[in-house]
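Dear colleague,

Please find below the structure that I am handing over to you. My notes on what was found in it follow directly after.

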Amino acid sequence: MKKYLLASVAAIAGVAMSTAAFADIVIATAGPMTGQYASFGAQMKAGAEQAVADINAAGGVNGEQLVLEVGDDACDPKQAVAVANQMVGKGVVFMAGHFCSGSSIPASAVYAEEGIVQISPASTNPKFTDERPGPGTFRVCGRDDQQGQVAGTYLAEEFGDKNIAIVHDKTAYGKGLADATKEVMNAAGKTEALYEAYTAGEKDYTALVSKLKSENIDVLYVGGYHTEAGLMKRQMVDQGMSTILVSGDALVTDEYWSITGPAGEGTLMTFSPDPRKNPEAAPVVKALEDAGKTAEGYALYTYAAIQAWAAAASAAGSTEYDDVVGALNDGDFKTVLGDLSFDDKGDVTLPGYVWYEWKDGKYDYK
C-alpha cells in the first residue's frame with residue numbers, strides 16, 4: 001500500500017487550521033498510576049501531558065484543542081476494563097495505553113467495540129496485536145517474541161557453559177517474555193537448570209533465592225517487573241551469590257536501582273534503542289527534564305503514540321475511528337522515536353531490541 005510521509009505534528013497542526021480552536025478533543029492515557037508499578041504510570045503520564053501541551057501549543061488537531069484524561073488500572077485486568085468503560089463515558093476518541101499487557105488485552109475489546117483507537121506505548125505480549133479485536137488496535141513498542149529472540153540467543157551464546165534459571169511472575173507480560181526467551185534458548189541448544197513461577201508483590205524471595213543458590217545458578221533470567229527482580233538481585237547478593245540477573249524492558253526505571261543499590265551492578269536487560277538519544281526527541285526531553293519530570297522508559301513512547309494518532313487525525317481531517325485507522329494504516333509518521341509506520345497487525349516498524357547494563361546507578365548500552 002502506498003505510503004505517504006507525514007510532517008511533524010507541529011507542522012501539520014499549524015497548517016491544518018489557523019483559526020482559533022472551537023472545540024475540545026478528549027484523549028486518554030491509562031496505566032499503573034498507583035501500586036508497585038506506578039513509576040511506569042508516571043512515565044506515561046509525563047509523556048502524555050507533554051505531548052498534549054506541545055500539540056495544543058502548535059494549534060491542536062484540526063483546529064481543536066486536546067484534553068487529556070488519565071486512567072489508573074494498577075496493572076489489574078479487571079480494573080483496566082473498568083477504566084476503559086469510564087473512558088467511553090467521557091467521550092474519549094483515542095487511548096494511549098495501557099502499560100501492562102494483561103491490562104491492554106482485555107481493555108482492547110472495549111475500545112474496539114466502542115470505536116476508540118488504541119495505541120499502546122508498552123504492551124509487548126504478541127496476543128495484543130495477533131488477536132486484536134478490531135483494526136484500531138496498535139502499539140509503538142516491540143513484541144515479546146522479538147525481545148525473546150534477542151535474549152534467548154544471547155543466553156545460549158554467552159552463557160552456554162553456565163547454569164541458567166528462568167523464572168516468571170505468571171502475568172501475560174512476564175510469562176510471555178520468559179517463555180519466548182526459553183523457547184529460543186532451547187532451540188539454540190541450551191537447556192535451563194530451573195524454570196518456575198513466583199508470586200508478584202511479595203517482599204521476601206529468600207526461599208526462591210535459596211533454591212537458586214542450592215542449584216548453583218550462575219544466571220537468572222526474570223520474566224517480570226523491576227520491583228520483584230530488584231528484590232531478587234539484592235537478596236542474591238545478601239546470600240553471597242554472584243549470579244547475573246538478566247531481564248527485559250520492565251527494568252527501564254531508576255526505581256530498580258533504588259531497590260537494589262550497588263547490588264544491581266552488572267544487571268543486563270533488553271529494551272528498544274533509547275529514544276532519549278534521538279535528535280528528534282531532544283526538545284521534548286529538555287522540556288520534561290526542565291519541568292522536573294522523567295523522560296526515561298516509556299515517557300517518549302507515550303508521547304510518540306499521541307504524535308502518531310494526532311498526525312493521522314490531521315491527515316484524515318477527522319477524529320472518526322475509520323478515518324483515523326485508515327490514516328494510521330497508510331501513513332509514515334515522524335515521531336520522537338524516529339520515523340515509524342504500522343504493519344497489517346498494528347505492530348510498529350522500528351528497530352528491535354538492544355542490550356543495556358546497569359552501572360553506577362544508571363542503565364546504558366552494553
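In these notes, helices and strands are DSSP runs, with helices (H or I) of at least four residues and strands (E) of at least two, numbered from the N terminus. Please bear in mind that this is a predicted model. By that assignment, the chain has 13 helices and 15 strands.

Overall form

The chain has 366 residues, and a compact globule of that length would have a radius of gyration near 21 Å; the chain itself has 21 Å, so it agrees with that expectation. Along its principal axes, the C-alpha trace spans about 70 × 40 × 35 Å. Of the 366 residues, 55% count as buried. Contacts that link distant parts of the sequence are also present: among those between residues at least 6 apart in sequence, 70% join residues at least 24 apart.

Surface and charge

About 13,800 Å² of the chain is exposed, and carbon and sulfur atoms supply 50% of this area. The chain carries 28 positive and 49 negative charges, and the mean positions of these two sets are 4 Å apart.

Strand β4 and its neighbours

I would draw your attention to strand β4, which comprises residues 94-97. Its two faces are both covered: F94 and A96 are buried on one side, and M95 and G97 are buried on the other. Strand β2 (residues 24-31) runs parallel to β4 and is joined to it by four bridges. Within this pairing, A28 has M95 of β4 as its bridge partner. Strand β5 (residues 117-120) also pairs with β4 in the parallel sense, over two bridges. Here M95 stands opposite Q118 of β5. M95 is thus a useful residue at which to begin viewing this region, with A28 as a bridge partner and Q118 opposite it in β5.

Residue V285 in helix α11

A second site to inspect is V285, which lies in helix α11 (residues 282-290). Is V285 buried or exposed? Its relative accessible area is 10%, and because buried means under 20%, V285 is buried. Leaving aside residues up to four places away in sequence, V285 touches R276, A295 and L300. One of these, L300, is 15 residues from V285 along the chain, and the C-alpha atoms of the two are separated by 8.2 Å.

With kind regards

Methods. Residues numbered from 1 in each chain as written. Predicted model: local features only at pLDDT ≥ 70, side-chain atom pairs only at ≥ 80, totals over all residues. Heavy atoms only, no water. Rg over C-alpha atoms; globule rule 2.2 N^0.38 Å. Buried < 20%, exposed > 50% of the residue type's maximum accessible area, 1.4 Å probe, protein only. Contact = heavy atoms within 4.5 Å. Areas by Shrake-Rupley, 256 points an atom, 1.4 Å probe, with all protein chains shown as cover. Lys, Arg positive; Asp, Glu negative; His and termini not counted. Charge placed at Lys NZ, Arg CZ, Asp CG, Glu CD. Pairing = 2+ DSSP bridges.
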